[in-house]
Amino acid sequence: MKGLIYQLKSVRKDKFCIMSFLLPIVAAIALNIAGSIDLSSLGEYYFCVVDGEVTDETREWLMGYGDVTVCQTREEWLSVIREPSTNVIGVEMDGEGIKTVLSGDELTIWQQMAGTLPDLYKQREMAAGISIQTLEQPDVLTGFQHIFMAMTLIVAMFMGCTFNAMNIISEKEDGVALINEILPMTSRQYVVQKIFIGFVFGSLSAASTAAICFRLSPAGAAAMLVLTVLSAFVAALVGLFVGRISDGMMSGVVYIKIVMIVFMAVPLLKYLAMAGNKVLSAICYVIPSSATFEGVMDLANGGMAAAGKDMVILAVHCAGWFLLYLLISRRKVS
């Protein structure tokens, strides 16, 4: 118990671990805010006309394609068109038709619209008899939001790995590791003591992130909790291995970054590029975060079948990594 209290005190002093705990929660809040922002206005066109130089009919026709700004003078009209921060298309009458004016720094899609607009205006009477159905524009972030949230959740689970690795490395540098070797403490007690804090804080960080990101049914929430706990336990175990093989703080940071990249890259590659290849997909389960990502995405999309399979895979990872570390620790002691 005293060892766990000591580990808790070290968490309070370690700003790196505190940041690892809070960063996924902040990212989850930011993702929720970003998901609620309406980005549909970014796809609208903006036109600018001089008051009195275009007919009311032309102005109403332009409003069917985008927002129309009316300027009082031609100088103001030119100033609006030349503004570098905007993509405004200037419109003026050209006999029975219209012509467009650009500053030249607009995006390609606006330049294409400006070139097409006069022909559309000529054919407006013919197009008036055509029935138009306006479809609802999908949210720009809908297809990616669950992926971002799943990645954020993996980062939250990784907090336990970061804490355990940095804790062991700091004990090595301070000489505490030498004292631990002569204490009357078994390998299993040492492993439990080292895992506990990283596992608990990783689980709390991941659970808080999941609660912010996802709105699940009671059954889905329970499955998400199991995935979170198992993944946080595996991450805490990985932190023990990173701490053991690291010679110092700098090498430990490098190893942590490498492991984090692997934990994030492999699930993404499996999901985006290897979904059709069953052999490669199965190989990806060697990295525990692949099962975590698959289970989270399944729950986010309202499924449960894949999540159950992923729980079994993570449970095997937990048992395998734990027994492997105990075996290595006993061999070193003997």
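Glu53 and Arg74 join their side chains in a salt bridge, with N and O 3.6 Å apart. This is a predicted model, so keep that in mind as you read along. The bridge ties together distant parts of the chain: Glu53 sits in the loop between β1 (45-50) and α3 (56-63), while Arg74 belongs to helix α4 (residues 74-82), 21 residues away. For the bigger picture, the protein has 15 helices and four strands, and buried residues make up 41% of its 334 residues.

**Salt bridges**

- How many salt bridges does a search of the whole structure find? The search turns up six, and the Glu53–Arg74 pair is one of them.
- Glu53 counts as partly exposed, because its relative accessibility is 40% and the partly exposed class runs between 20% and 50%.
- Arg74 is partly exposed too, with a relative accessible area of 34%.
- Another bridge pairs Lys99 with Glu92, and here the closest N and O atoms are 3.5 Å apart.
- Is Glu92 buried or exposed? Glu92 is buried, because its relative accessible area is 11% and buried means under 20%.
- Its partner Lys99 is partly exposed, at 37% relative accessible area.
- Glu294 and Lys309 make a salt bridge as well, with 3.3 Å between the closest N and O atoms.
- That pair also links distant parts of the chain: Glu294 is in helix α14 (residues 288-300) and Lys309 is in helix α15 (residues 305-333), 15 residues apart.
- Salt bridges that share partners pull Glu53, Arg74, Glu92 and Lys99 into one network.
- As for Lys309, its relative accessibility of 40% makes it partly exposed.

**Two lysines to look up**

- Where does Lys270 lie? You'll find Lys270 in helix α12 (residues 249-272).
- Lys270 counts as buried, since its relative accessibility is 10% and the cut-off for buried is under 20%.
- The side chain of Lys270 makes a polar contact with the side chain of Glu294, at 3.1 Å. Glu294 is the residue that also forms the salt bridge with Lys309.
- Lys270 and Ile283 are 13 residues apart along the chain, and their C-alpha atoms are separated by 9.6 Å.
- Lys122 is part of helix α5 (residues 108-122).
- Lys122 counts as exposed, because its relative accessibility is 63% and exposed means over 50%.
- Along the chain, Lys122 and Gly97 are 25 residues apart, yet 6.4 Å separates their C-alpha atoms.

**How α11 packs against other helices**

- Two packed helices are described by the angle between their axes and the distance between the axes.
- Take helix α11 (residues 218-245) and α14: their axes come within 10 Å and cross at roughly 165 degrees.
- Why is α11 called roughly antiparallel to α14? The crossing angle is roughly 165 degrees, and angles over 145 count as roughly antiparallel, so the label fits.
- On the α11 side, the contact is made by Gly220, Ala223, Met224, Leu227, Ser231 and Val234. On the α14 side, it is made by Pro288, Thr292, Gly295, Val296 and Leu299.
- The crossing of α11 and α14 is left-handed.
- Helix α11 has another partner in α12: these two axes come within 9 Å and cross at roughly 145 degrees.
- Which way does α11 pass α12, left-handed or right-handed? This crossing is right-handed.
- Val238, Val242 and Ile245 of α11 meet Gly252, Tyr255, Ile256, Val259 and Phe263 of α12.

**A closer look at Thr228**

- Thr228 also lies in helix α11.
- Thr228 is buried, because its relative accessible area is 2% and buried means under 20%.
- The side chain of Thr228 reaches the backbone oxygen of Met224 at 2.7 Å. Met224 is also one of the α11 residues in the contact with α14.
- If you set aside neighbours within four places in sequence, Thr228 is in contact with Met157, Ser203, Ala206 and Ala207.

**Contacts across the whole chain**

- Among contacts in the protein with a separation of 6 or more, 70% come from residues 24 or more positions apart.

Methods. Residues numbered from 1 in each chain as written. Predicted model: local features only at pLDDT ≥ 70, side-chain atom pairs only at ≥ 80, totals over all residues. Heavy atoms only, no water. Salt bridge = Lys/Arg side-chain N within 4 Å of Asp/Glu carboxyl O. Buried < 20%, exposed > 50% of the residue type's maximum accessible area, 1.4 Å probe, protein only. Polar contact = N/O pair within 3.5 Å; in protein donor to acceptor, adjacent residues only side chain to side chain. Axes fitted to C-alpha atoms, helices over the stretch in contact; angles between N-to-C directions. Parallel < 35°, antiparallel > 145°, perpendicular 65-115°, else oblique. Left-handed = near helix turned anticlockwise from the far one by under 90°. Contact = heavy atoms within 4.5 Å.
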